[in-house]
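Let's take a walk through this structure together, one stop at a time. Have the sequence and the 3D view ready as you read.

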Amino acid sequence: MGKNDLLKEVTEKYRCYINPGLQKLLSFAGLGVEVRAEGCTIYDSEGKEYLDCLGGYGVFSVGHRHPKVIEAAKQALDTMPLSGKAFFSKPVADLAEKLAEITPGNLSYSFFCNSGTEAVEGALKAARAFAGREKIISTIGGYHGKTMGSLSATGREKYKKPFEPLLPEFSFVPFGDSDALEKEIDEHTAAIILEPIQGEAGIHVPPPDYLKKVREICNRKGILLILDEVQTGFGRTGIMFAMEHSGIAPDLATFAKAMGGGVVPCGAFMGTPEVWEKFFGENPLIHTSTFGGNPLAANCALATIEVIQSEGLCEKAATLGDSMKRSLEKVRESHPDLIAEVRGKGLMIGVEFKMDDVAEIVIAQMVKRGVVVAYTLNNPRVIRFEPPLVITEKQVERACEVFAEAVKETSSLLTTVLEE
Ligand code: PMP
């Protein structure tokens, strides 16, 4: 079969058997069929190399197929990849201990699952069970997943409207505004859920004292703080967990994405002993998952944490993130008519365009030049740069050069269209 035939065959199957709209979206961006990946590079079936600056939406923090994570996976594959669930499992126990060690505050207990949305579902249940109250406050633009519970906490109408009524008693306040949060709390409030840095909303870093104030308000009002670190966790923002930038700890936290080292799906929510006692105290089986907490994922997560620590990936994300942001800022200065802002922390960077649909064209121009990026789900005007944290300085430079070329090309395309 010719190389082009494979692309034709696969896109046709996406169109007929998966999702015709998604097929159009991927084809518009000019993306081919991925066949292999390593480090920061993805190879397609036509032999083209791509520098991955999307990182699987935050999954590939240690790069694609990191040898230590692959080794950990193989070890589990050779012995027992999935848990019998009726037995104790050492890798699962070791991972829970390690997470308790590396997370701030009193987050001692872990429940393991397979995705971000599952982690959020569990945390929401735990919060309601603990408080005996039903109201959950979330933030406008916040993203917590697309299953019914997490979707109820997600702050974008477009994704929610077709499925209403969703869970009752969810309300939304502006992100970064602690006064608005305080006003929204009443005697029915169980918890507030938010991301330490909003990802899908378009990469928004809150004011420096925001999380501290939120923590203080939660303490004073007697409600729980749930921090969603699904995207920010495991080194992405230049520190192991983004909450550490503000020196506070939540009552519940959620994790996924990078946790499985880009090799297997792995997620978790963690809580304090007080929360756990109320949630699981009477019935240890009140919340369960067949696949959650398996040796394969646990082994990979342990290896991932080891790699992040031993290769200094948090520090790398901080320094390379700073230089990447500076280079992207220079592109903004050359195109102030198109680009509104460059923002972010570590290697979680967003570039916001001033008009709709420009980001899509820039993305396609970048893909054409061999660099993969995407827009943020709750704000399509923002291109996200979330490369593997193992990216080199040279690769960062190349990504920024390609971005500059793509913006320049888009600018002249737009000028031509407007003149016609
Ligand atoms: N929370 C946050 C902060 C996220 O960024 C995401 C995914 N973008 C989710 C939850 C949902 O994760 P998943 O897609 O694995 O369900």
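Our tour begins on the outside of this predicted model. Here Tyr 14, Tyr 17, Ile 18, Leu 22, Leu 25 and Leu 26 make a nonpolar surface patch of about 610 Å². Two elements each give two or more residues to this patch: helix 1, covering 3-18, and helix 2, covering 20-28.

Pause at one member of the patch, Ile 18, which is found in helix 1. Is Ile 18 buried or exposed? Its relative accessible area is 54%, so Ile 18 counts as exposed, since that label applies to values over 50%.

Now let's move to the ligand. Around the ligand you will find Ser 115, Gly 116, Thr 117, Tyr 143, His 144 and Gly 145, along with Glu 195, Glu 200, Asp 228, Val 230, Gln 231 and Lys 257. Sorted by class, this shell holds six polar, four charged and two nonpolar residues.

Which atoms come into polar contact with the ligand here? Start with its oxygen atoms: one lies 2.8 Å from a backbone N or O atom of Gly 116, and a polar backbone atom of Thr 117 is 2.8 Å from an oxygen atom of the ligand. A side chain takes part too, as an N or O atom in the side chain of Glu 200 is 3.1 Å from a nitrogen atom of the ligand. How much of the ligand's surface does the protein bury? Taken alone, the ligand exposes 400 Å², and the protein buries 83% of that.

Technical notes: Residues numbered from 1 in each chain as written. Predicted model: local features only at pLDDT ≥ 70, side-chain atom pairs only at ≥ 80, totals over all residues. Heavy atoms only, no water. Near = heavy atom within 4 Å. Polar contact = N/O pair within 3.5 Å; in protein donor to acceptor, adjacent residues only side chain to side chain. Areas by Shrake-Rupley, 256 points an atom, 1.4 Å probe, with all protein chains shown as cover. Nonpolar A, V, L, I, M, F, W, Y, C, P; charged D, E, K, R; others polar. Patch = residues over 30% accessible without salt bridge, like charges linked within 9 Å, V, L, I, M, F, W, Y side chains within 5 Å. Salt bridge = Lys/Arg side-chain N within 4 Å of Asp/Glu carboxyl O. Helix = DSSP H or I, 4+ residues; strand = E, 2+ residues; numbered from the N terminus. Buried < 20%, exposed > 50% of the residue type's maximum accessible area, 1.4 Å probe, protein only.
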